[in-house]
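Biologist: I am just starting to read protein structures, and I would love a close look at one helix and what lies around it. Please take me through it step by step, and follow the trail to the neighbouring parts too.

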Amino acid sequence: MKKFCAIFFSFVLVLVLALPVAAEGEGTLADTAPALTAPAGYVVNLDTNIVVYEKNSETPLSAASLTKMMTTLLLLENYQDQLDSISLTAPSYIYDLIWEQSTNASTADIRRGETQSLRNLLYAMLLPSGNEAAYIVADYMGGGSIDNFVAMMNDEAKAVGCTGTTFVDPCGLNPNNITTARDAYLILRALTAYDVFATVVASPTYDMGTNDRYTTPGTYILQNTDKLVTNSSYHRDYTKGGKTGSLGEWQNFAGWHSQDGESYISVLLNVPLDSDPDGGRPALLETGTLMDWVFNTYAIAPALDTTQPITEVRVAYSTQADTVMLYPADNMMTLLPKDGGAALTEQVFNVPDELPAPIKQGDVVGTVTLTIQGETIGTADLIAGSDVSRNQLLYTLSRVSLFFSSTYFKVVVMLTMLVVGIYLIFTVGRILRIWSKEM
């Protein structure tokens with residue numbers, strides 16, 4: 001029996017030591033947007049990636065000459081440093097391809113057999129939306145095969161994140177060139193990484209130089225179809241450039257805008273011509289209206305004040321203070337409504353109910369997430385605003401109390417009582433057996 005008791009007590013000891021020890025330690029702003037006839041649109045703030053306008057942005061629609069943005073992107077990705085050192089001669093067959101699709105296609109007046117630098121072809125694609133320029137680039141980059149180049153276009157579209165885009169030619173004459181407002185934004189955003197692109201699309205005009213047909217300097221001048229950057233009734237100082245497009249009775253426009261340190265990309269697709277009966281530039285007219293509203297409605301501003309406490313939390317084990325004030329570690333510069341600003345944000349705190357002392361000023365103790373009209377705009381750390389020392393007596397008493405109320409202690413007590421109970425049963429049984437023998 002003694003051997004059994006020794007084995008049992010050893011088992012209890014191993015079990016106790018194996019137990020884990022507690023460780024220390026109302027309407028929306030979008031409702032105020034102007035009513036547009038564009039069936040699809042998308043406007044994104046480039047500083048915060050916040051979408052400020054969205055209308056059917058995932059709906060596939062005909063891309064028209066927005067297709068040339070992808071042709072331009074591939075050209076710049078591969079030859080941005082060789083725009084003046086490489087010149088291409090226009091192959092005859094591309095004009096047959098253009099003629100088959102349209103007898104009224106926009107051109108930069110580049111004729112069969114004429115040679116132009118890549119820089120001239122870049123301007124020719126983007127300013128007057130020259131379809132022959134896009135085909136000349138596609139022929140060269142596709143190794144003489146337009147199909148090869150179109151495959152490159154579709155691969156690149158996937159690479160930049162497009163999910164509703166399909167290209168079938170390099171210029172957009174075919175109505176089966178399909179994109180979405182969001183995809184067009186992604187392509188234009190990729191293009192804004194190139195300084196030369198910014199220079200080109202901001203140019204109201206461009207001098208192509210001289211050739212056998214334009215022998216007098218200053219006579220071969222390309223005009224930008226983006227009237228938002230030209231001296232016209234559509235002009236907006238904040239528009240830095242973009243790409244127009246049209247087929248049939250509607251127009252597209254993807255634009256890049258910047259003002260007071262804030263930048264946006266806007267896309268409007270398939271805006272009907274009758275939206276601008278006087279000037280015939282409906283996509284530009286509605287873009288100006290929309291972006292006027294955006295710049296009048298939003299501004300980049302601090303959502304939090306790092307010099308002011310934002311909340312407080314209880315402190316344990318201290319006689320110095322009952323609470324500690326928490327401050328945001330970042331002012332969270334973000335896009336906010338000009339009318340109301342930070343006051344319109346809602347704050348969601350992720351902090352413990354109580355913090356154990358000691359606490360050091362600057363300790364990160366939680367986070368605050370800001371939302372506006374249900375949309376999350378960011379999360380900032382919360383830091384302690386002051387030092388709080390620990391009272392050792394309070395801490396010790398708390399730990400003792402915690403020990404006696406812990407599961408660990410309760411298990412030990414229960415196991416001890418179990419062992420004592422077994423021992424008593426064994427002892428009483430032994431005594432009874434002894435008595436029975438004596439009797």
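**Helix α7 and its surroundings**

Modeller: Let us begin with what lies over helix α7: the cover of its buried residues includes β1, α2, β6 (178-179), α8 (195-201), β10 (250-259) and β11. Please keep in mind that this is a predicted model. Helix α7 itself spans residues 181-191, and eight of its eleven residues are buried, so it is a mostly covered helix, where buried means under 20% relative accessible area. You can find those buried residues in the picture: A181, D183, A184, Y185, L186, I187, L188 and L191.

Now pick one of the covering elements, α2, and see which other helix α2 meets. In general, two packed helices are described by the angle between their axes and the distance between the axes. For α2 and α5, the axes come within 10 Å and cross at roughly 45 degrees. That angle is why the two helices, α2 and α5, are called oblique to each other. Their crossing is left-handed. On the α2 side, the contact uses K68, T71, L74, L75, N78 and Y79, while α5 brings N131, A134, V137, Y140 and M141. Sorted by class, the residues of this contact between α2 and α5 are seven nonpolar, three polar and one charged.

Helix α5 has another partner to look at. Helix α3 (residues 93-101) packs with α5 at an angle of about 130 degrees, and their axes are 10 Å apart. This again gives an oblique arrangement, now of α3 to α5. The crossing of α3 and α5 is right-handed, whereas that of α2 and α5 is left-handed. If you click through the side chains, Y93, I94, Y95, L97, I98 and Q101 of α3 meet N131, E132, Y135, I136 and D139 of α5. This contact of α3 with α5 has seven nonpolar, two polar and two charged residues. Notice N131: this α5 residue appears in the contact with α2 and also in the contact with α3.

Let us go from helices to rings. The structure holds seven aromatic pairs. One of them joins Y79 and Y140, with ring centres 5.6 Å apart and 50 degrees between the planes, and this pair is tilted. The pair links distant parts of the chain, since Y79 sits in helix α2 (residues 67-79) and Y140 in helix α5 (residues 131-141), 61 residues apart. You have already met both: Y79 and Y140 are among the residues of the contact between α2 and α5. Is each ring's residue buried or exposed? Y79 has a relative accessible area of 18%, so Y79 is buried. Y140, at 34%, is partly exposed.

Another pair is edge-to-face: Y264 and F295 are 5.2 Å centre to centre, with 85 degrees between the planes. Y264 belongs to strand β11 (residues 262-272) and F295 to helix α9 (residues 282-297), so this pair ties together parts 31 residues apart in sequence. Strand β11 should sound familiar, as it is included in the cover of α7. Y264 is buried, at 0% relative accessibility, and F295 is buried too, at 4%. Ring pairs also bring in Y238, which forms a cluster with Y264 and F295.

While you are at α9, have a look at T287, which is found in this helix. With 1% relative accessibility, T287 counts as buried. Which residues does T287 touch, leaving aside its neighbours within four places in sequence? They are L228, F253, H257, S266 and L268.

Finally, here are some backbone details to look for in the loops. Most residues other than glycine have a negative phi, and most peptide bonds are trans. N49 is not a glycine, yet its phi is positive, about 65 degrees. You will find N49 in the loop between β1 (40-45) and β2 (51-55), where N49 is partly exposed at 48% relative accessible area. D109, also not a glycine, has a positive phi of about 60 degrees, and D109 lies in the loop between α3 and β5 (115-117). For the peptide bond, go to A357 and P358: the bond joining them is cis, with omega about 5 degrees. P358 is in the loop between β17 (354-356) and β18 (364-372).

Methods:
Residues numbered from 1 in each chain as written. Predicted model: local features only at pLDDT ≥ 70, side-chain atom pairs only at ≥ 80, totals over all residues. Heavy atoms only, no water. Phe/Tyr/Trp six-rings, centres within 6.5 Å; stacked < 30°, edge-to-face > 60°. Helix = DSSP H or I, 4+ residues; strand = E, 2+ residues; numbered from the N terminus. Buried < 20%, exposed > 50% of the residue type's maximum accessible area, 1.4 Å probe, protein only. Axes fitted to C-alpha atoms, helices over the stretch in contact; angles between N-to-C directions. Parallel < 35°, antiparallel > 145°, perpendicular 65-115°, else oblique. Left-handed = near helix turned anticlockwise from the far one by under 90°. Contact = heavy atoms within 4.5 Å. Nonpolar A, V, L, I, M, F, W, Y, C, P; charged D, E, K, R; others polar.
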